[in-house]
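This report looks at how the interior of one protein chain is packed and how its helices meet.

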Amino acid sequence: MELSAFLLFAITTFVVVFTPGPAAIAIAAQGSGNGLLRAQFGIGGVASANVIFFILSATGISATIIASDTLFMVIKWFGVGYLTYLGLSAILSKSGGLVVTRGEPSAPRALFLKGFVVEFANPKAMLYFAAILPQFLDLTAPIAPQIAIMGLTTLVFDVVIYTAYAALGMQITRSGLKPWIVRTLNRVAGGALLFSAFRIAKVSN
């Protein structure tokens, strides 16, 4: 690809991945409750969901999903429901999935699935790849190498940025915060997830 096109894609994708959202909150919580190494399984789940979105966009399938009101609405409302559940769990339950506190580490499979579902249930990620990917393709040059470059770049950003969020969550736990501060963080995280669910509910195709 042209260097200028690649740099623009890289900057745009970096900003989108870095902006805090449901996946960032989930990974920070995994880092807090499970440590940085175990949180890598959750990061793998988020990255896997984005790889699927990227492949769907590259093959044009996402355009079909977006064009189908039924499929799009199923994905959207599943995401709204799941984020609402996570948000309420973080606010109301001491054992909620996003509670920022020490506890028994979760199984790697559970961490992976939570990361995957949180990201895959967010149709905004699919909309991003479907809308942005074609803008950077040079149709006069081989398509496969361009897609590979952008896909690998996105994967690297996912791993690096979400690892930073996991490290932040772990640091919050290690700092020995008082219980009332932890409860406040839980409620803020839960509120952010509920707000994300509200925003996703307003997304249309």
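The sections below take up the nonpolar cores, two helix crossings and one buried residue in this predicted model.

## Nonpolar cores

The largest nonpolar core comprises 19 residues, and within it Ile27 and Tyr162 have the most contacts. Four helices each supply at least two residues of this core, namely helix 1 (3–18), helix 2 (22–59), helix 7 (143–174) and helix 8 (179–201). Helix 2 contributes the largest share, with eight residues.

Tyr162, when residues up to four places away in sequence are not counted, touches Val17, Ala23, Ala24, Ile27, Ile43, Val46, Glu119 and Phe157. A second core, separate from the one described above, has twelve residues, among them Phe53, Ala125, Met126 and Tyr128.

## Helix 2 against helix 5

The axes of helix 2 and helix 5, the latter spanning residues 108–120, come within 6 Å and cross at roughly 50°. Because this angle falls neither under 35 degrees nor in the range from 65 to 115, helix 2 and helix 5 are described as oblique to each other. Their crossing is right-handed, and the residues of the contact of helix 2 with helix 5 comprise 14 nonpolar, eight polar and three charged.

## Helix 2 against helix 7

For helix 2 and helix 7, the axes come within 8 Å, with a crossing angle of roughly 160°. Since angles over 145 degrees count as roughly antiparallel, helix 2 and helix 7 are therefore roughly antiparallel to each other. The crossing of helix 2 and helix 7 is right-handed, and the contact of helix 2 with helix 7 holds 21 nonpolar, ten polar and one charged residues.

## Val46 and its surroundings

Is Val46, a residue of helix 2, buried or exposed? With a relative accessible area of 1%, which lies under the 20% cut-off, Val46 is buried. Once its neighbours within four places in sequence are left aside, Val46 is in contact with Ala23, Ile27, Gly115, Phe116, Glu119 and Tyr162.

Val46 can also be related to a position remote from it along the chain, since Lys114 is 68 residues away in sequence, while the C-alpha atoms of Val46 and Lys114 are 8.4 Å apart in space. The contact between Val46 and Tyr162 appears in the neighbour lists of both residues, and Tyr162 is one of the two residues named as having the most contacts inside the largest nonpolar core.

How values were computed. Residues numbered from 1 in each chain as written. Predicted model: local features only at pLDDT ≥ 70, side-chain atom pairs only at ≥ 80, totals over all residues. Heavy atoms only, no water. Core = buried A, V, L, I, M, F, W, Y, C linked by side-chain atoms within 4.5 Å. Buried < 20%, exposed > 50% of the residue type's maximum accessible area, 1.4 Å probe, protein only. Contact = heavy atoms within 4.5 Å. Axes fitted to C-alpha atoms, helices over the stretch in contact; angles between N-to-C directions. Left-handed = near helix turned anticlockwise from the far one by under 90°. Nonpolar A, V, L, I, M, F, W, Y, C, P; charged D, E, K, R; others polar.
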